[in-house]
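Student: Hi! I have a new structure to look at and could use some company. Can we go through it together?
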Amino acid sequence: MAEAAEQLARVYGDAHATAAFAKMPVVIVSYSGGFVTAAYSLQVGGLGSRVKGVVLLDSLYGEIDKYSSWIASNRSGFFVSAYTQGATKRHDDELAQILREKGIKVSDELNGTLKPGTVALLQTGEGIRHRDYVTLAWTEHPVKDILQRLPRRN
């Protein structure tokens with residue numbers, strides 16, 4: 001994350017901005033096999049309360065215990081997992097069951113601003129292919145959709 005802060009400051013054009021970027025909130029986005037790195041980033045990544053949300057794009061192939069633990073202990077964050085009818089559906093169903101047993105509400109849609117504690121597991125329709133998920137899932141440009149749903153900071 002320190003390297004990312006330095007790179008962002010370089011792109012921004014102000015090396016002094018590194019400290020500000022190093023403190024900014026983080027949303028972890030994973031596609032396909034990136035679920036392992038995302039899960040371990042939550043468990044041992046050292047970002048703590050900087051992580052405001054997790055977005056899995058047809059990516060919940062495992063590590064369900066790590067995700068359910070993060071969701072249960074970080075009710076101020078949000079979690080969105082979109083899945084196709086393929087391999088990840090059964091894992092999303094399993095996660096939903098675990099969370100419901102813990103008394104955590106799970107939604108099957110996104111409405112408006114992402115509120116703290118939002119957990120949404122989104123099944124995408126037929127014809128949506130795994131290889132297109134970064135640009136087409138529950139909507140066109142799903143990452144952009146998530147970013148537009150984040151609450152505005154003052």
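Student: Is Tyr40 buried or exposed?
Tutor: Tyr40 is partly exposed, with a relative accessible area of 36%. Buried means under 20% relative accessible area, exposed over 50%, and partly exposed in between (1.4 Å probe, protein chains only). This is a predicted model, where local features need pLDDT of at least 70 and side-chain atom pairs count only at pLDDT 80 or more, while totals for chains, interfaces and linings use all residues. Residues are numbered from 1 along each chain as its sequence is written, and side-chain values use heavy atoms, leaving out hydrogens and water.
Student: Thanks! Where does Tyr40 sit?
Tutor: Tyr40 is in helix 3 (residues 35-44); helices are DSSP runs of H or I with at least four residues, numbered from the N terminus.
Student: New topic: how many salt bridges are there in the whole structure?
Tutor: A search finds 4. A salt bridge is a side-chain nitrogen of Lys or Arg within 4 Å of a carboxyl oxygen of Asp or Glu. One of them joins Lys66 and Glu63, at 2.8 Å from N to O.
Student: And which residue forms a salt bridge with Asp132?
Tutor: Arg129 does, with the closest N and O atoms 2.8 Å apart. Asp132 is partly exposed at 21%, and Arg129 is partly exposed at 41%.
Student: What about Asp145 and Arg149, which helix are they in?
Tutor: Both lie in helix 6 (residues 142-149), 4 residues apart, about one turn of the helix. Their side chains meet in a salt bridge of 2.9 Å, N to O. Asp145 counts as buried at 14% relative accessibility, and Arg149 counts as buried at 17%.

Note on methods:
Helix = DSSP H or I, 4+ residues; strand = E, 2+ residues; numbered from the N terminus.
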